[in-house]
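Trainee: Could we go through this structure together, starting with how its helices pack and then moving on to its domains?
Mentor: Yes, let us take it step by step.

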Amino acid sequence: MTTEKFEYKNWWKGASAEEKDAAFQFCSGYLSFLNRHKTEREVVAYTEALCQANGFTDLNEAIQQGERLQPGTKVYQNLRGKAFVMAVIGTEPIEKGINIVASHVDSPRLDFKQTPFYEDTDMVLAKTHYYGGIKKYQWVCIPLALHGVVVLKSGEIVHINIGENDSDPSFVITDLLPHLAHEQMNKKMSEAVHGEGLNVVLGAIPLAEEKEEAEEKSKENHKDPVKMNLLKILKETYGVDEADFVSAEIEVVPAMPAKEVGFDRSMIGGYGQDDRVCAYGAIQALLGLTEQPARTVMVYLSDKEEVGSMGNTGAQSAGLTHCIAELCALTAPVYSDLVTKRCFANSALLSADVSAAVDPNYKDAQDKLNATYFTKGVVLEKYTGSKGKSGANDANPEFIAALRAIYDEHQVAWQTGELGKVDLGGGGTIAQFMANLGMQVIDCGVPVLSMHSPFELTCKADIYNAYLAYRAFLKAYK
Ligand SMILES: [Zn+2]
């Protein structure tokens with residue numbers, strides 16, 4: 001009896017010219033997606049439009065009309081503009097379970113505080129509160145853009161997106177010059193830039209006033225002329241007042257465009273690839289299914305993962321479970337709570353989220369035997385968590401074995417690994433919350449370098465194989 005030494009291979013080595021072409025083509029679509037949709041709201045709006053263009057109908061309309069959903073029906077549900085579900089109804093009863101790929105579409109960023117604007121040193125700035133795990137020093141001295149919504153008392157939603165086009169202005173957070181940074185440079189990295197120091201420069205010209213008006217102008221306006229000028233610009237451009245920012249979500253994100261990286265263009269660099277890289281692959285995988293699926297197939301895009309999946313758009317909320325209950329009610333011959341529960345118990349879910357690749361500059365952070373690498377394909381991560389797997393889903397080997405078989409059969413390049421050395425740190429995904437529903441769940445995503453930075457790095461081989469992995473799972477998992 002013989003046995004073989006096992007190791008994960010560099011995908012480029014074995015890939016045919018056609019496969020390499022397909023990977024490059026897939027990633028060129030991904031690149032333009034990255035550049036056009038930087039926030040959860042923007043990704044959800046994009047996905048909804050894509051669904052509508054591809055024959056999906058709004059689940060809410062079916063619910064209202066009590067319409068039965070036949071096998072092959074494509075439906076979607078927009079969850080408050082920040083999370084999203086899309087599904088194709090299978091031929092099998094829904095209580096046999098759903099194949100789900102779930103990603104999150106929020107990324108680390110800086111949010112405007114609810115009272116953001118103030119004037120200092122003849123400049124107007126905005127106060128921010130960072131969102132998710134960031135290294136604060138990475139966010140100073142880079143061009144920034146503002147994306148978000150201001151909701152007026154009337155309910156009207158004003159969209160703001162400025163800083164992305166060549167003709168748009170940029171925004172920035174300043175840093176101290178090295179000449180005067182002696183004290184700062186001797187601080188710990190975590191303390192060199194403070195949270196309350198992440199203030200975004202918005203302008204420096206004071207309000208110009210007519211002579212007659214100058215006599216009447218209030219003392220208040222006199223006090224902060226640069227801020228008053230900003231408020232005038234905001235009113236003229238967007239029709240919003242300072243008070244309206246109480247009901248706003250303005251996200252400050254890097255304005256640098258995503259780019260191909262390397263002389264061989266083998267990688268993609270850009271903001272927010274955690275987790276839009278998996279979200280894009282999941283959406284494309286579901287849209288790319290041409291045959292009628294036996295089991296119902298679904299993609300779930302969640303919000304708030306970077307802050308613990310809280311809130312009514314996060315994966316801990318009832319958003320997904322309500323949506324699945326509605327699908328059960330509209331497909332099962334007789335509906336009862338048990339149908340939904342059986343459906344959960346028989347479902348399988350890939351928590352499509354990124355993992356940390358081995359960084360040649362920081363190899364010490366990983367156990368090289370159980371680390372993930374660029375070029376070796378999508379990562380199957382049994383557990384995440386920290387301090388003895390705390391907060392981990394810890395996938396069942398029965399499920400992993402089934403996925404190994406599917407991936408090998410469908411020629412998907414995959415690898416396994418975990419997020420860094422034991423006790424060095426750690427992190428979590430939505431896997432644990434999905435597993436609470438009784439489903440089979442595992443983390444399965446793209447390895448990333450410089451995760452949570454303004455310019456994250458991924459490898460085209462892995463991006464493409466994640467897409468192949470999601471497609472194979474949706475199609476073949478039983
Ligand atoms: Zn993530």
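Trainee: How are H13 and H15 oriented to each other?
Mentor: Bear in mind that this is a predicted model. Helix H13, residues 397-409, packs against helix H15, residues 460-476, at an angle of about 110 degrees, with their axes 10 Å apart. Because angles from 65 to 115 degrees count as roughly perpendicular, the orientation of H13 and H15 is therefore roughly perpendicular.

Trainee: How do the residues of the contact of H13 with H15 divide into nonpolar, polar and charged?
Mentor: The crossing of these two helices, H13 and H15, is right-handed. On the H13 side the contact is made by Leu 403, Ile 406 and Tyr 407, and on the H15 side by Ala 469, Ala 472, Phe 473 and Ala 476. The residues of this contact of H13 with H15 divide into no polar, no charged and 7 nonpolar.

Trainee: And how are H10 and H15 oriented to each other?
Mentor: Helix H10, which spans residues 273-287, packs with H15 at an angle of about 45 degrees, and the axes of the two lie 8 Å apart. H10 passes H15 in a right-handed crossing. Since 45 degrees falls outside the ranges for roughly parallel, under 35, and roughly perpendicular, 65 to 115, H10 and H15 are therefore described as oblique.

Trainee: Which residues in H15 does H10 meet?
Mentor: From H10 the contact involves Val 277, Cys 278, Gly 281, Ala 282, Gln 284, Ala 285 and Leu 286. The residues of the contact of H10 with H15 divide into 10 nonpolar, 2 polar and 1 charged. Those that H10 meets in H15 are Ile 463, Ala 466, Tyr 467, Tyr 470, Arg 471 and Leu 474.

Trainee: How many residues of domain 2 are in contact with domain 1?
Mentor: The domain assignment gives domain 1 as 11-107 + 271-476 and domain 2 as 109-254, and their C-alpha centres lie 35 Å apart. Domain 1 brings 12 residues to the contact, and on that side they divide into 4 nonpolar, 4 polar and 4 charged. From domain 2, the number of residues in contact with domain 1 is 15.

Trainee: What radius of gyration does the protein chain have, set against a compact globule?
Mentor: The protein chain contains 15 helices and 22 strands, and its C-alpha atoms fill a box of roughly 90 × 60 × 45 Å along the principal axes. With 478 residues, a compact globule would have a radius of gyration near 23 Å, which agrees with the value for the protein chain, 24 Å.

Technical notes: Residues are numbered from 1 along each chain as its sequence is written. This is a predicted model: local features need pLDDT of at least 70, side-chain atom pairs count only at pLDDT 80 or more; totals for chains, interfaces and linings use all residues. Axes are lines fitted to C-alpha atoms, for helices over the stretch in contact, and angles run from 0 to 180 degrees between N-to-C directions. Helices (H or I, at least four residues) and strands (E, at least two) are DSSP runs, numbered from the N terminus. Angles under 35 degrees count as roughly parallel, over 145 as roughly antiparallel, 65 to 115 as roughly perpendicular and the rest as oblique. A crossing is left-handed if the near helix is turned anticlockwise from the far one by less than a right angle, and right-handed if clockwise. Two residues are in contact if their C-beta atoms, placed from the backbone, lie within 7 Å. Ala, Val, Leu, Ile, Met, Phe, Trp, Tyr, Cys and Pro count as nonpolar, Asp, Glu, Lys and Arg as charged, and the others, Gly among them, as polar. Domain bounds come from an automatic or database domain assignment. The radius of gyration is taken over C-alpha atoms; the globule rule is 2.2 Å times the number of residues to the power 0.38.
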